[in-house]
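This report describes one protein chain, from its overall dimensions to selected local features of the backbone. The sequence and the structure come first.

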Amino acid sequence: MRYAETGFNLEIDLARGSVERIATDPRLAELHLGGLGTNARLLWDRVPPETDPFSPDNLLIFAAGLLCGTPAIGANRTIVTAYSPQTLLMGYSMMGGFFAPEMKYAGYDKIILRGKSPSLVYIWINNDKVEIRDATHLQGKGAVETAECIRQELKEPKAQVAPIGLAGVNRVCMASIEQGRSSASRLGLGAVMGDKRVKAIAVRGTKDINIARPAEFLNLCNDVMKYIQQRAENPIKNVEPIFEGLGSPHEMKVVDEKWHTTGFMRGNARTRRKDFWTKDVEEKWKQTQEGVRTRLISCYNCPMKCGAIVSVPGVSTYMMKCYSKLTYTMAAFSDLDFGFRIAQRATEYGVDGFSTPQTMAYALELLQAGILTDQDFAGAPSDTEGKFYWLLDRIVRREGIGDILANGTYWASQQIGKGADAFAHNNIKKHEQLPLKLGMLNPVYFLMYCTGEKSNITQIEGQFPQEPFPTREMREDFIKDWVHVPDEKFKQYFLDWEQRGEYANPTYPTADMAVDIVNWQETMHYIDDSLGVCAGLSSFPLKPPYHIHNYPKFISAALGIEMDEAGLKEVYKRTRNLMRAINIRRGLRRADEKPPEDHWKKRFPELETKLLDAYYKFKGWNNEGVPTKATLQNLGLGDVAEDLIRRGLLSEQEQIRAEELVAAPVMK
């Protein structure tokens, strides 16, 4: 009997119209857990590195995390993976809601799409019955509308539906996959789904998931619930309101947005409005938010209520995505009412709420600079808000200038020329990052931005505070119940961190400390993404219920194996290095791992080099960021090492030099 996982993947060849239920190797769960880890193994084994993102050979994988469908609180994440048309690297994006547990209850750990359908279709999975159905009648329909149409057509209101909107159908490189209460938004995976001519996947399942040691597992789950209640009654002190508790940023619950609106950049990440947040603005935004927020909602098996149903007069009801409450507003220098209205249209179109506003603001900057002309904007309204709606419509339809902008700011700049690349200044690895610019280099954020392969800073940062507390007394109070640290040294790192002076940015935390901190945060995110647990209950909040000390107990009780902290860290390292090797084969190099030139006011080239050198050495990689043969072999990835050597990506001489630099032990 298989525990925690179903033991089967559903493989659908869209070109042939075939459906296969494939048994999986139980050893993979011990090596990679599930979700992101096993997705990476599939891509490495089955998709050649030269494969174009829009090739029939590119797999589009919907994976449930290992703990999805179990009683584990907040274990509901679907990890969607393919080669990204935006970065050309391995792209993976996550969505919450109910899709992953429903997929497990239908009997599948993954849904794997290969090939391309000759016409628009949707897939209906009802336990063992799987159909590829005609979807031509859904052509042109929005994502939310499509989901409702499919439920009515199937006469199955409990079906979980993951559709794309017009953006996905037209292969817009910032297209998302929507799913009721969440979406897989980053890296254009909705465009890959549209390229395969799949409008939606609908799933309904009624089977059981087995747990190896159920009584032990339920006790652990009860401990998590007790902690969630205790944290709600005792919020963290001396931090911004969104960091006081658990869950994803409670932007639909919290009205106080001083942190975001004064600290983050406006437009195309160029302007900071430090004096924006006033009592008048707060009152106006509160009225707007409470006037459209119908109710707060949660994902499957989670009490946190991080999201909200939004009903704006004159537009259809929708679920507000995390942070997109602000992205359109801040990009257009507008008010909150505009943000709520345009976000509804963007949700129906199915576009990423981070990249899309930046791309539209970038276009307006090009117009102001004379790089784009009035002819490019022929027929556009004269006001800024009107231009944003106009640009959004053209991007998702790939009409006129929208056809160029639909590829994102990096690729659009290559096509436009005339110095447009100077305005595409918020990209890392060819993808728009969250519009946050710093006044002073923060060593931890430098490494997170540069080396993160999730292309989403909010999915890298986490349990270590984002900035030092003003006084040592505050810091001492914070560490009293900081049981989450993997080592006591992290408490000292934080205690010594000050806002000014010798122990402040940019020279503190030191390079070695910064690497330690980033490795801890990466470890937790990668584990979450393999288990399917929401980052809002683990890797993202400051003091979450899930952490490195209790996760091994959950895994052991669920799978029936003995997993300890050292073993779990080894699983993380294996998946991290495998994903790195995939991207190295796709062309990723050290030169790609740098922030934009204007990321902070003053650059520190020597320190930045030192930080990246320290990170690579810690990971057991060579100076170009390629995992060494010894590192890979120690993790049971000898076949990966041999492939890199055979392709000339890791020469024997480089290997010797790298191992001399790294020194034993290979990885900390």
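Accessible areas here come from the Shrake-Rupley method with a 1.4 Å probe. On that basis the protein exposes about 24300 Å², and carbon and sulfur atoms supply 49% of this area. The model is predicted, and local features are described only where pLDDT is at least 70.

**Overall form**

The secondary structure comes to 25 helices and 17 strands. Along the principal axes, the C-alpha atoms of the protein fill a box of roughly 65 × 60 × 55 Å. The radius of gyration is 24 Å, which agrees with the value near 26 Å that a compact globule of 668 residues would have. Buried residues make up 65% of the 668 residues. Of the contacts with a separation of 6 or more, 69% are between residues 24 or more positions apart. The protein has 84 positive and 85 negative charges, and the mean positions of these two sets are 2 Å apart.

**Strands S3, S4 and S5**

Strand S4 (residues 78–83) is paired with strand S3 (residues 60–64) and with strand S5 (residues 90–95). S3 and S4 run antiparallel and are joined by four bridges; within this pairing, Phe62 has Val80 of S4 as its bridge partner. The pairing of S4 with S5 is also antiparallel and extends over six bridges, with Ala82 standing opposite Gly91 in S5. S4 is mostly covered, as six of its six residues are buried. In a regular strand the side chains alternate between the two faces of the sheet. The hairpin of S4 and S5 has six residues between the strands, and there Leu88 takes a positive phi near 70°.

**Backbone exceptions in loops**

Two cis peptide bonds and two residues with positive phi are listed below, each with its loop.

| Site | Backbone value | Loop |
|---|---|---|
| Asn505 to Pro506 | cis, omega near 10° | Pro506: between H18 (489–496) and H19 (511–531) |
| Tyr508 to Pro509 | cis, omega about 0° | Pro509: between H18 and H19 |
| Leu187 | phi near 80° | between S11 (182–184) and H6 (189–195) |
| Asn238 | phi near 70° | between H7 (214–233) and H8 |

Pro506 lies in the loop between helix H18 and helix H19, and Pro509 is found in the loop between H18 and H19 as well. The cis bonds that involve these prolines start from Asn505 and from Tyr508.

Leu187 and Asn238 are residues other than glycine, and each has a positive phi. Is each of them buried or partly exposed? Leu187 has a relative accessibility of 1%, under the 20% limit, and therefore counts as buried. Asn238 has 40%, which lies between the limits of 20% and 50%, so this residue counts as partly exposed.

**Lys274**

Lys274 lies in the loop between helix H8 (258–263) and helix H9 (279–292). Its relative accessibility is 64%; because this is over 50%, Lys274 counts as exposed. How far apart are Lys274 and Arg181 in sequence and in space? The two residues are separated by 93 residues in sequence and by 33 Å from C-alpha to C-alpha.

Conventions:
Residues are numbered from 1 along each chain as its sequence is written. Side-chain values use heavy atoms; hydrogens and water are left out. Helices (H or I, at least four residues) and strands (E, at least two) are DSSP runs, numbered from the N terminus. Buried means under 20% relative accessible area, exposed over 50%, partly exposed in between (1.4 Å probe, protein chains only). The radius of gyration is taken over C-alpha atoms; the globule rule is 2.2 Å times the number of residues to the power 0.38. Contact means heavy atoms within 4.5 Å. Lys and Arg count as positive and Asp and Glu as negative; His and the chain ends are not counted. The place of a charge is taken as NZ of Lys, CZ of Arg, CG of Asp or CD of Glu. Two strands pair if DSSP finds at least two bridges between them.
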